[in-house]
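Let's take a look inside a protein, at a bit of empty space and at some ring pairs.

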Amino acid sequence: MSTLKLYRHPLSGHCHRVELLLSILGLEFESIDVDLMSGVQKQTEFLKKNAFGQVPVLDDGNITIADSNAILVYLSSQYDQAHSWLPIEPAKAAQVQQFLSVAAGPVASGPATARLINLFGAKLDHLKAIETANNLFNILDAHLAEQDWLVGEAPTIADLANYAYIAHAPEGDVSLKGYPNIKLWLQRIEHYPGFVPMQASQVGLSA
């Protein structure tokens, strides 16, 4: 089997979701840090891997996959023979896709954007991002009052895709104190065998 290579940034939740699945599946990989602040991701050599100039990117031999959710689908399909992380049953597969869209939509525009503003000084609307995050968290907290995981009775890539930016929401001034079911869900992920934490900034960790 070829050596997997993950191009990533240590503070990126998009990258962390891939690292989580690689670790949980017990896959060996080489982690290659990309200096986003110096613009390495926009240089010609990196653009050959991902024309959008973004991390993460996964190399698996002669296969290159960009986009974190696409990488989760690839790894689950290629290396999870039990099909537990990406169910093949149509209804559950569709529900996983729904929550991958949540990760790419309100999670990205809510807690991820709020954190991006605080950590990297992004010129975006902080109050709007916090409002989006809280609206989402109200929905997710009610959803998780009925079940332990986002889809079905076991964790899937839906949980991994949504974990990091929600867990690190306080770094964007979004408190988790009013969402007990979300906090229990985060703890379940953090106690799952193979879990690895994302590097934390020192911003908003008490919220």
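How much space lies in the largest cavity? About 40 Å³.

## What we're looking at

This is a predicted model, where local features need pLDDT of at least 70, side-chain atom pairs count only at pLDDT 80 or more, and totals for chains, interfaces and linings use all residues. Residues are numbered from 1 along each chain as its sequence is written, and side-chain values use heavy atoms, with hydrogens and water left out.

## The cavity

A cavity is a set of points on a 1 Å grid over the protein atoms alone where a 1.4 Å probe fits but cannot get out, and its lining residues have an atom within 4 Å of a point. There is one cavity of 30 Å³ or more.

Among the residues lining the largest cavity are Trp-85, Asp-159, Tyr-192 and Phe-195. The lining divides into nine nonpolar residues, no polar and one charged (Asp, Glu, Lys and Arg count as charged; Ala, Val, Leu, Ile, Met, Phe, Trp, Tyr, Cys and Pro as nonpolar; the others, Gly among them, as polar).

## The ring pairs

Rings of Phe, Tyr and Trp (its six-membered ring) pair if their centres lie within 6.5 Å; planes under 30 degrees apart count as stacked, over 60 as edge-to-face and the rest as tilted. The count comes to three aromatic pairs. Trp-85 and Tyr-192 have ring centres 5.4 Å apart and planes at 85°, so they're edge-to-face.

Trp-85 is buried at 4% relative accessibility, while Tyr-192 is partly exposed at 30% (buried means under 20%, exposed over 50%, partly exposed in between, with a 1.4 Å probe and protein chains only).

Technical notes: 1 Å grid on protein atoms, 1.4 Å probe; cavity = no way out; pocket = protein on both sides within 12 Å on 5 of 7 lines; lining within 4 Å. Points joined across faces, edges and corners; volume = space filled by probe spheres on them.
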